[in-house]
Amino acid sequence: MTRPASEIGVLQLVDNLDIGGAQEVAVTLAKNLVRTGHRPVVGTFRDGPLRSDIEEAGIPVVFLPRRRHTVLALPLFVRDMLRIRRALAATIDRYGVDVIQTHLLRSLDFLTTTLKGPDGLPLVYWTFHNSDFMLRREHLPRHVWLLRPKQIAYRLLYRLTSRRVNGLIAVSDDVRSSILDRIGPLDDKIVVIPNGIDADRFGGSVDRDEVRAELGLDRNAVIMVMVATFKEQKGHAYLIEAAGEVLPLHPEARILLIGDGGLRSEMERRVSAAQFADAVWFLGNRRDVARILAASDFFVLPSLWEGLPIALLEAMASGLPCIATTVSGTKQVIVPDVTGLLVSPGDTVELRDAMLAMLADPERARRMGGNGRRRVASEFSARKQTAELIARFTMDFDAIR
C-alpha cells in the first residue's frame, strides 16, 4: 500500500553543496517543502558552504559515498555503484522517502530508478537544469577519446531507464525541447517547472554607501555585476572583451565578478594584461550576494547556454536591469526592453552596445529593473515552483493507488 501524499518525504539529491544554481534550487526547494508541511532531506556526495543553510532550516543532510572509479575499471565501478545504492536505500528507509528528485547527477540518475519497489515507491524525478545536459569534453579531461562512446551510451540509458522514471522536470521550455531532441519522444513524462527563488531575500533596503565602502568602492561608481561560476558556459571572456571598449568611455564604471571556478585564473590574467585592470574586481564566492546586488546598478550574464539561471532571477528580484544572452531560459525570463536587454551569445559588439545603452540612460534602466522585480515575484517564485512540484507528485501518487 502506498503512503499518503498529504505529507511527502522528499529526497533532494545533488552532487555537492558548493555554491551553484542547481544546488541553490535544491536547497530552496527543501526549505519550501518544510514550509508547506512536507519532510525534505538533502542527499549529497560532497560537503560545501550551503550545508549550514540547510541545517539551520532543520533539514537533515545525508552524505553518500562518492564514486571513486570510472567505467574503465568496470568491477570497481560496479562496486562503487552498489555501495551508493545501499546508502540510498538506507536513507529511504530511515527518512521515509516517498520521492527522489535528482539535480545534475548524470550516470547516478540511472541508479535511482533501481530503488523503486513493487508499490512504485519512491517516485523518481530527474531535474534537467541545462539545455546542454549531455556529457561534454570538460567532463572527461583525461579520456577525451571516450566522449563520443559515452554520449551514445548516455542517450541509450536515458531512453531505457526513463521508462521507470515518474517525470523529467525541465526548468524551461527550451530545456524541454532539448530533452526531446537528445533523448527522444517522452512528451508524457516531461513537465516544465521553471526555477524559482525566495524573492523576499532580495531587493531589501540596504545602505548602498555602506556596502560599497565595505568593498572599497567609490559611492559614485556605476556598478555592473556578474554572478557565475568561472567556466566556459558563462561567457566571462566576452564580458571582459566588451569591457575593453566600455570602460575607457566610462571611467566611473566598475565590474564586479562574483564566483569561482576553473577559468578564474585565466580571466584574472586577461584583465591584468589590459588597461582597465583596476575597474574589474574579482570577489570570489560570497555569502552576501543579496547585499552586493542591492548596492549595484545593473547585472550582466553573457552565457553561451543555460537552463534557467538562478543568478539572473536573483538580480531581477533585486530590482536590477539585466543584460543577458538569447539562450535557453534567459529569453523566457527577460522581456526585451521591458525588464532588460538581450544580446546574441558570443557577440561582444552587441554586448558592448547593450552595456553602453544601460550606462547612457539610467532612468530607463531603473524602469526595467522595477519591471523585472515584479515579473520575478509573480512568475518565478520558489512558492510557485514548490506548489507545481507537489501537484505533480500528488498526481503521480494518485495514479499508483
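1. A good place to start is helix 7: its buried residues pack against strand 8 (222-227), strand 9 (253-258), strand 10 (280-284) and helix 10 (289-294). Packing here rests on contact, meaning heavy atoms within 4.5 Å. Helices (H or I, at least four residues) and strands (E, at least two) are DSSP runs, numbered from the N terminus.

2. Before going further, please keep in mind that this is a predicted model, where local features need pLDDT of at least 70, side-chain atom pairs count only at pLDDT 80 or more, and totals for chains, interfaces and linings use all residues. Residues are numbered from 1 along each chain as its sequence is written, and side-chain values use heavy atoms, with hydrogens and water left out.

3. Which residues of helix 7 are buried? In this helix, residues 208-215, they are Val-211, Arg-212 and Leu-215. Buried means under 20% relative accessible area, exposed over 50%, and partly exposed in between (1.4 Å probe, protein chains only).

4. These buried residues sit on the same side of helix 7, because they cover an arc of only 95° around the axis. The arc is taken from the directions from the helix axis to the C-beta atoms.

5. Both ends of helix 7 deserve a look. Asp-207 caps the N-terminal end, with a side-chain oxygen 3.1 Å from the backbone nitrogen of Asp-209. Just after the helix, Gly-216 has a positive phi of about 85°.

6. Now to the sheet. It is open, has 7 strands in the order 3-2-1-4-5-6-7, and its pairing is parallel; two strands pair if DSSP finds at least two bridges between them. Strand 3 (61-63) and strand 7 (190-192) are at the edges with a single partner strand each, so one side of each lacks a neighbour in the sheet. From one strand to the next, the twist averages 25°.

7. At one of these edges, strand 6 (residues 167-170) runs parallel to strand 7 and is joined to it by 3 bridges. Ile-169 is found opposite Val-191 in strand 7.

8. Finally, have a look at Arg-39, which lies in strand 2. Is Arg-39 buried or partly exposed? Its relative accessibility is 29%, so Arg-39 counts as partly exposed. Beyond neighbours within four places in sequence, its contacts include Ile-8, Val-10, Tyr-95 and Asp-98. The Arg-39 side chain also makes a polar contact with the side chain of Glu-7 (2.8 Å). Such a contact is a pair of N or O atoms within 3.5 Å; within protein, one must be able to donate a hydrogen and the other to accept it, and residues adjacent in sequence count only if both atoms are side-chain atoms.

Key. Axes are lines fitted to C-alpha atoms, for helices over the stretch in contact, and angles run from 0 to 180 degrees between N-to-C directions.
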